[in-house]
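User: Please take a close look at one part of this model, the place where the two chains meet, and give me one connected account of it.

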Amino acid sequence: MDKKIRVLVAKPGLDGHDRGAKVVARALRDAGMEVIYTGLRQTPDMIVKTALQEDVDVIGLSLLSGAHMTLFRDITEDLKKNNMEDVLVIGGGIIPEEDIEPLHEAGIKGVFGPGTSLDDIVKFIKENVKG
Amino acid sequence: MYDKDMIAKIEKRRKEWETTCYEPLKAKIPEREEKFQNLSWNDIGPLYTPADVKDHDYFEKIGFPGEFPYLRGVHSTLHRSRLWTMRQFAGFGTAEETNLRYKYLLEHGETGLSVAFDYPTLYGYDTDHPLSRGEFGKCGVAISSLKDMELLFKDIPVDKITTSMTINGPAPVVWAFYIANADNQNIPRTAIGGTIQNDVLKEYIAQKSFIFPPEPSMRLTVDTFEFGFKEIPRWNTVSISGYHIREAGSTAVQELAFTLADGFEFVRAAVARGLDIDTFAPRLSFFFNAHNDFFEEIAKYRAARRIWAKGMKELGAKKPRSMLMRFHTQTAGVSLTAQQPEINLVRVAIQALAAVLGGTQSLHTNSMDEALALPSEKAVRLALRTQQIIAEETGVASTVDPLGGSYYLEWLTDKMEDDTMRYFDRIEQLGGVIPAIEKGFFQREIAEASYRLQQEIENGKRVIVGVNKYQMDDEIEIPILKMDERGEEIQINRLKKLRADRNQNKMDRALAALKKAAQGDENTMPYILNCVHAYATLGETTDVLREVFGEYKEPAIF
């Protein structure tokens with residue numbers, strides 16, 4: 001693929017834990033992707049609008065507050081409404097095992113918990129992004 | 001501390017030891033690392049001797065506990081007379097659910113309370129605000145009004161137990177809920193004690209639950225200082241926090257330097273308002289992290305006390321109480337692993353031991369399941385028991401500063417102090433703490449450190465047991481906390497009823513008076529208390545302040 005993969009790293013909801021999002025953003029940039037970071041306190045609507053404007057291939061959601069079941073799903077539903085199902089959506093944070101399957105079903109293709117290697121995220125994106 | 005001849009002799013012998021003993025063995029059996037580095041990337045040598053602390057004047061640098069410069073501890077008897085307060089940070093779901101958790105913890109020997117609020121509360125939104133969607137009760141308890149605070153402390157004697165509240169942006173309002181709850185039970189304001197975190201500076205730097213821009217935020221903070229020493233003398237009106245700076249990815253040295261820089265900034269702001277330093281300074285408290293590098297953590301607490309004492313003296317403090325740094329400690333949440341969660345018990349025990357050996361005044365021990373969810377009852381009980389074992393079985397609390405005088409520890413303590421002073425110079429060159437925040441200085445320093453550490457974890461240079469070494473194929477599963485799913489509905493109905501039942505005129509008048517006070521330069525606390533007593537909600541009261549002060553938006557940098 002000649003074109004650089006464009007990724008939106010986003011912090012939905014009120015959660016202020018941005019360490020993981022920033023580390024992942026840098027790792028993706030170092031891996032040759034173009035990264036846009038939304039900053040904090042983004043509503044699902046703001047994230048989908050930014051994704052549309054920036055024409056991204058991937059949205060990486062980071063949430064450690066426990067609100068992922070609501071907010072991640074709000075985002076994938078919004079994407080569907082906007083015919084943006086081709087955008088690869090992945091998420092990370094404090095996510096209990098039992099939530100992973102329902103999140104997959106909701107369209108969060110990759111769910112990455114604490115201890116994930118940055119390499120694994122990079123590989124996952126490269127293998128799953130639609131060119 | 002040592003005479004010159006003795007030091008010369010030790011230095012000479014040290015060199016001989018190195019050439020005749022250490023180097024030959026190292027040549028034969030190579031060391032495990034080419035360079036041993038602590039978590040601040042300081043090189044750690046194979047051996048420390050009196051020569052490494054040769055310039056120490058014992059009285060000036062080390063001294064006695066309970067005396068300047070307080071390196072060895074804030075009290076002469078320290079944990080021999082009173083153990084640290086065992087204070088588990090807790091909160092989830094509704095006020096009722098959290099109230100039961102507090103009673104559970106108290107039954108099992110906890111000695112102080114610590115409230116974790118959910119995100120809407122941290123940002124001054126009521127549960128029914130659109131931005132609260134999905135966040136209700138998730139990482140703390142939802143407190144939207146005085147009514148909720150009454151339920152949170154139902155049958156808990158607030159005149160007998162102290163409470164710490166992790167609240168920053170809307171701290172004056174939530175503190176007012178607590179005070180009003182005591183007022184309504186006819187408990188004198190002089191009888192209640194506790195802490196509000198109320199450290200907005202570290203919000204911009206790390207925790208990010210700011211609401212207003214720095215200047216009005218500092219004004220509100222100083223309002224609480226002034227109101228506190230006049231009305232609620234047993235209250236710590238700020239807990240100047242390094243914890244979140246560290247969790248956001250800083251090194252131990254950065255945690256120390258940035259936290260103390262914030263501390264001095266608060267003091268300067270209060271002095272600029274015309275407050276007498278010896279009136280408010282005794283109510284300033286601190287909050288540090290207890291991370292994995294055992295000695296570095298202990299050195300950090302000791303250095304913090306010495307730097308604070310010296311700095312406060314320079315700023316004109318006269319009373320000993322104004323110079324001594326009391327602090328709370330929490331073990332490092334970020335060090336917990338989702339893999340093999342039970343091994344977190346071991347990490348927490350060692351981190352907690354460092355906090356105790358460093359002379360902490362109160363302590364929270366994390367639960368083993370916190371990389372997965374909020375703690376279950378069993379997990380939090382084990383965390384509390386960890387403190388009780390340290391306190392009552394190990395003997396470490398039998399003497400004050402038991403590691404004082406360790407050549408390594410004293411060298412490291414000095415080094416961390418020196419490194420902190422260098423950071424102070426850099427911050428001053430940027431124009432002070434607030435300009436440095438606005439330039440993104442702290443945020444960048446922290447992001448650099450956290451990325452560097454992550455890369456070292458990736459390449460295996462730093463070992464995380466269970467994550468990049470000693471992994472298991474079959475993951476260990478442990479039961480996790482389940483919350484009452486009807487919680488949000490209960491809370492929203494309670495808010496509806498509150499809004500319908502209260503005296504609307506009285507509340508409107510109170511909110512209007514607060515607005516006027518905020519626009520002028522009167523202390524806002526009495527006005528906030530009036531709003532709260534009239535059952536104005538957290539959101540309604542904070543909205544008045546938002547309207548007057550505006551909201552802060554940070555630049556998104558990574």
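Analyst: What follows describes the interface first, then the sheet of one chain that lies behind part of it, and finally a helix of the other chain.

The model is a predicted one, and the values below should be read with that in mind. In this model, 39 residues of chain A are in contact with 42 residues of chain B. The size of an interface is often given as the accessible area lost when the parts come together. Between chain A and chain B that area is about 3300 Å², with 55% of it coming from carbon and sulfur atoms. On the side of chain A, the residues that lose the most area to chain B are L14(A), R19(A) and R26(A), which together make up 25% of what that side buries.

As for polar interactions, 19 residue pairs are in polar contact between the two chains, counting pairs in which both residues have pLDDT 80 or more, and four salt bridges are found across the interface. R26(A), one of the residues named above for its loss of area, forms a salt bridge with E448(B), in which the closest N and O atoms are 3.1 Å apart. The elements of chain A that each supply at least two residues to the side touching chain B are α1 (19-30), β2, α3 (68-81), α4 (97-105) and α5 (118-128). Of the side of chain A that touches chain B, α1(A) gives the most, with eight residues.

The strand β2(A) also belongs to an open sheet of five strands, which runs in the order β2-β1-β3-β4-β5 in chain A with parallel pairing. In that sheet β2 (34-37) and β5 (110-112) of chain A are the edge strands, each pairing on one side only, and neighbouring strands are turned by 20° against each other on average, direction ignored. β2(A) pairs with β1 (residues 6-10) of chain A in the parallel sense over four bridges, and within this pairing I36(A) is the bridge partner of L8(A). Helix α2 (residues 44-54) of chain A packs on the sheet, where it touches β1, β2 and β3 (58-63) of chain A, and its direction makes about 160° with that of β1(A).

In chain B, helix α7 (residues 200-207) is largely enclosed by the rest of the structure, because eight of its eight residues are buried. What covers the buried residues of α7(B) includes α8 (214-231), α10 (252-272) and α18 (441-458) of chain B. At the start of α7(B), a side-chain oxygen of D199(B) comes to within 3.1 Å of the backbone nitrogen of L201(B), and after the helix comes K208(B), whose phi is positive, near 70°.

Notes: Residues are numbered from 1 along each chain as its sequence is written. Chains are lettered from A and ligands numbered from 1 in the order in which they are written. Side-chain values use heavy atoms; hydrogens and water are left out. Buried means under 20% relative accessible area, exposed over 50%, partly exposed in between (1.4 Å probe, protein chains only). Contact means heavy atoms within 4.5 Å. A polar contact is a pair of N or O atoms within 3.5 Å; within protein, one must be able to donate a hydrogen and the other to accept it, and residues adjacent in sequence count only if both atoms are side-chain atoms. Two strands pair if DSSP finds at least two bridges between them. Axes are lines fitted to C-alpha atoms, for helices over the stretch in contact, and angles run from 0 to 180 degrees between N-to-C directions. Buried area is the accessible area (1.4 Å probe) that two parts lose on being put together, summed over both. A salt bridge is a side-chain nitrogen of Lys or Arg within 4 Å of a carboxyl oxygen of Asp or Glu.
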